[in-house]
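Student: I have a structure open and would like to talk through its rings and its inner space. Could you take me through it step by step?

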Amino acid sequence: MAGLLLVSIGCDSAPVQVTPTVPAPAQQAAPIQQPAPVATKPQLTKEKLRAEYGSHQNLSYLEARRHLFSSVDNVNGKVTGVYTGLEITTSKIPDPKVMNTEHSWPQSRLPEAAVSDLHHLFPAKASANMKRSNVYFGNVLMVDWQEGGSKFGDNKNRKKAFEVRPQQRGDTARAMFYISTIYNLEIPPWEEEFLRMWHVEDPVDAREKTRNDAVERIQGNRNPFVDHPEFVAEIPDF
């Protein structure tokens, strides 16, 4: 019979059939499963946001101030100064000796197109507006002036700084991020550090969302950092 060996044990023994051991066929190794590629989220940039949110109607400075005091920051006939809490009753541009228009990004450091952008204009008590002037934002350690929670004085490096009261800090920070993004302007690192902290300390509230809606109705664009506060963390450097 094929595949059998006959072995004789002694003369009288019957041959014993021995079946040879046949090695089992080698098993193929299972293929290594490669991990599925992880989808990476595209990096958010100021350029992408500028392309999406930058287009808007340019107002004259007079038009911008009229809208500011008659509708954008007018609540039931009253306007509140963002730095001190001064409240006045008005439906038009008030006496500039009482309340003025604050440029969060100082007018002296702005391109002309940004001077009338409502997203960073706020009503402010005239004296507070003068104290802030074109000083950078930051924490004040040595106070020269303070009112309503806002302060003006020296920071830790003995440089003049303006510290915004807590209930306005986030609004101011997001206004600054907006201007930096839409007009491609750089915020100095020491100022950006505090603005990022203020953004977290004072989150977007209902009033800020309502204001964003009002500005959109007038000039046709929105502040993306009000709609999406998480965008701030995604931009590595303003």
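Student: Which residue lies over the face of Y136?

Tutor: Happy to start there, with the reminder that this is a predicted model. A charge counts as sitting over a ring if CZ of Arg is within 6 Å of the ring centre and within 35 degrees of the ring normal. At 4.0 Å from the ring centre of Y136, the residue over its face is R109.

Student: And over which ring does the charged end of R132 sit?

Tutor: Here the charged end is 3.9 Å from the ring centre. The ring beneath R132 belongs to F137.

Student: How many aromatic pairs does the structure hold, and what kind is the one between F137 and W198?

Tutor: The structure holds seven aromatic pairs. For F137 and W198, the ring centres are 6.0 Å apart and the planes meet at 65°. Planes over 60 degrees apart count as edge-to-face, so this pair is edge-to-face.

Student: How many residues apart in sequence are the parts that F137 and W198 tie together?

Tutor: F137 lies in the loop between α3 (126-132) and β8 (142-147), while W198 lies in helix α5 (residues 189-201). The pair therefore ties together parts whose separation in sequence is 61 residues.

Student: Is F137 buried or exposed?

Tutor: Buried means under 20% relative accessible area. F137 has a relative accessible area of 2%, so F137 is buried.

Student: Which helices are joined by the pair of F177 and F225?

Tutor: These two rings form an edge-to-face pair, 6.1 Å centre to centre with 70° between the planes. F177 counts as buried at 0% relative accessibility, and F225 is buried with a relative accessible area of 0%. The pair ties together parts 48 residues apart in sequence, because F177 lies in helix α4 and F225 in helix α7 (residues 224-227).

Student: Which residues do ring pairs link into a cluster?

Tutor: Ring pairs make this cluster out of Y83, W145 and F162.

Student: Now the inner space: which element gives the most to the lining of the largest cavity?

Tutor: A search of the whole structure finds one cavity of 30 Å³ or more, and the largest cavity has a volume of about 90 Å³. Two elements give two or more residues to its lining, α4 (166-182) and α6 (206-219). With four residues, the element that gives the most is α6.

Student: How do the residues of that lining divide into nonpolar, polar and charged?

Tutor: The lining includes H119, F122, D171, R174 and E208. By class, the lining residues of the largest cavity come to four nonpolar, three polar and four charged.

Methods. Residues numbered from 1 in each chain as written. Predicted model: local features only at pLDDT ≥ 70, side-chain atom pairs only at ≥ 80, totals over all residues. Heavy atoms only, no water. 1 Å grid on protein atoms, 1.4 Å probe; cavity = no way out; pocket = protein on both sides within 12 Å on 5 of 7 lines; lining within 4 Å. Points joined across faces, edges and corners; volume = space filled by probe spheres on them. Nonpolar A, V, L, I, M, F, W, Y, C, P; charged D, E, K, R; others polar. Phe/Tyr/Trp six-rings, centres within 6.5 Å; stacked < 30°, edge-to-face > 60°. Buried < 20%, exposed > 50% of the residue type's maximum accessible area, 1.4 Å probe, protein only.
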